[in-house]
Amino acid sequence: MSKHLNASSTCTTIRVYPCDEGERLDRFISKASDYLSRSRVKSLIESGQVYRNGKKINEPSYRVKSNEIFIISTPAPSSPVPEPEDIPLAVVYEDKDVIVVDKPAGLVIHPAPGHVNGTLVNALLAHCGHSLSGIGGLRRPGIVHRIDKDTSGLVVVAKNDQSHNSLAKQFEDHSIKRNYSAIVWGIPRPKEGFIDANIGRSGRDRKKMTVLKSGGKQAITRYKVQKRFGDAAALIDCELSTGRTHQIRVHMLSMGHPLLGDPKYGGKLTQARRMSLENDTLMEIRRFPRQALHARSLGFVHPKTLELLVLQSRLPRDFCSLIKAVETANNH
């Protein structure tokens with residue numbers, strides 16, 4: 001078993017007795033443990049820290065059987081203070097008050113369970129030293145807003161508390177201008193408009209957001225079709241009037257036009273979409289590793305100078321390759 005486990009982890013072995021047979025795995029382990037809550041156990045199971053007969057088991061709802069032996073690997077607690085890491089940054093703008101970076105897809109904004117290092121915060125600490133605003137807390141110094149891990153594009157970070165407060169106020173009153181480029185399946189109709197639909201947690205899957213008829217938080221997205229790729233897909237511009245979790249992804253799905261490559265909100269290929277595309281194009285779409293979403297433009301009032309800054313980011317290479325593949329297929 002040692003080859004599966006991290007040396008810094010604490011390992012606990014638990015045997016299933018006949019009286020426990022049929023119990024859910026997460027409930028069984030939490031009852032047998034003196035220090036693990038059921039929610040913590042569920043997290044450990046889903047993150048691959050529980051083993052049955054030497055193999056990982058990822059199903060909290062698994063029904064245990066008599067005489068089975070489970071090993072629970074509990075990682076050592078990590079430091080609450082992120083460490084500086086030498087991670088390259090694409091700096092678009094920087095002064096003594098703010099820094100704007102062009103985040104690549106795949107980079108998490110700040111440390112969180114499952115991503116304790118290798119984040120934008122770790123990179124910023126190496127680049128800026130400890131001059132970041134402390135308002136965001138130990139794990140989120142300077143962080144005023146976020147974009148998803150697999151969304152690329154512009155992020156503004158505060159270097160001091162005054163800047164943090166100013167930027168936070170601008171996000172709160174929706175005066176910050178944010179435009180995203182997205183590639184969606186199909187052609188939205190009308191070609192230009194806005195979506196005003198509340199967003200909240202899905203009752204079916206708590207890891208997803210959804211449009212709600214009642215409850216949730218107001219979310220407004222303005223969109224405009226910039227380019228059509230036949231009837232298969234479109235490049236659109238989205239301007240956020242609000243900034244809810246997964247807002248563009250959820251709003252476009254609600255119109256029946258999910259983003260290409262989006263594994264969470266239905267951007268995978270369907271049979272109808274396959275029929276209208278060449279095999280080379282299908283392969284290019286399958287290779288695209290993320291939702292086709294890029295934070296292209298960011299405009300805000302500088303916290304100190306009160307100057308309006310409008311910053312731009314070019315579409316990344318993978319995004320351009322995807323556009324070329326879809327465009328080529330529909331020019332045949």
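For the cavity search I took a 1 Å grid over the protein atoms alone, in which a cavity is a set of points where a 1.4 Å probe fits but cannot get out, and lining residues have an atom within 4 Å of a point. Grid points are joined across faces, edges and corners, and a volume is the space filled by probe spheres set on the points. I note that this is a predicted model, in which local features need pLDDT of at least 70 and side-chain atom pairs count only at pLDDT 80 or more, while totals for chains, interfaces and linings use all residues. Residues are numbered from 1 along each chain as its sequence is written, and side-chain values use heavy atoms, with hydrogens and water left out.

**Entry 1: the cavity.** I asked how many cavities of 30 Å³ or more the rule gives, and the count comes to one. The largest cavity has a volume of about 30 Å³, and I found it lined by Q170, F171, H174, S175, I176, R178, L240 and S241. I sorted this lining by class (Ala, Val, Leu, Ile, Met, Phe, Trp, Tyr, Cys and Pro as nonpolar, Asp, Glu, Lys and Arg as charged, the others, Gly among them, as polar), and obtained three nonpolar, four polar and one charged residues.

**Entry 2: backbone angles.** For orientation, most residues other than glycine have a negative phi, and most peptide bonds are trans. One of the lining residues, H174, has a positive phi of about 60° although it is not a glycine. I placed H174 in the loop between α4 (161-172) and β8, where helices (H or I, at least four residues) and strands (E, at least two) are DSSP runs numbered from the N terminus. On the scale I use here, buried means under 20% relative accessible area, exposed over 50% and partly exposed in between, with a 1.4 Å probe and protein chains only; H174 counts as partly exposed because its relative accessibility is 40%. N67 also has a positive phi, near 75°, and sits in the loop between β3 (55-56) and β4 (69-74); N67 counts as exposed because its relative accessibility is 51%. I then looked at the peptide bond from R189 to P190, which is cis with omega near 0°, and located P190 in the loop between β8 (177-185) and β9 (192-196).

**Entry 3: salt bridges.** Side chains of opposite charge can pair when their charged atoms come close. Taking a salt bridge as a side-chain nitrogen of Lys or Arg within 4 Å of a carboxyl oxygen of Asp or Glu, I counted 15 in a search of the whole structure. E23 and R27 form one of them, at 3.2 Å from N to O, and E23, R27 and K31 are linked in a network of salt bridges. E23 is buried because its relative accessible area is 16%, whereas R27, at 28%, is partly exposed. R24 pairs with D26, the closest N and O atoms being 2.9 Å apart, and both R24 and D26 are buried.

Which parts of the chain does the salt bridge of D148 and R249 link? Their side chains meet at 2.9 Å, N to O, and the pair links distant parts of the chain, with D148 in the loop between α3 (120-128) and β7 (152-158), R249 in helix α5, and the two positions 101 residues apart. D148 counts as partly exposed because its relative accessibility is 22%, whereas R249, at 5%, counts as buried.

**Entry 4: helix α5.** I followed R249 into its helix, α5 (residues 247-254), which is mostly covered, with six of its eight residues buried. The buried residues are Q247, I248, R249, V250, H251 and M252. After α5 comes G256, for which I noted a positive phi near 90°.

**Entry 5: separations.** The C-alpha atoms of R40 and D26, 14 residues apart along the chain, are separated by 8.9 Å. R40 lies in helix α2 (residues 38-46) and is partly exposed because its relative accessibility is 33%. I also checked S214 and G200, which are 14 residues apart in sequence and 9.4 Å apart in space, C-alpha to C-alpha. S214 belongs to the loop between β11 (209-211) and β12 (220-229) and is exposed, with a relative accessible area of 63%.

Definitions and conventions
1 Å grid on protein atoms, 1.4 Å probe; cavity = no way out; pocket = protein on both sides within 12 Å on 5 of 7 lines; lining within 4 Å.
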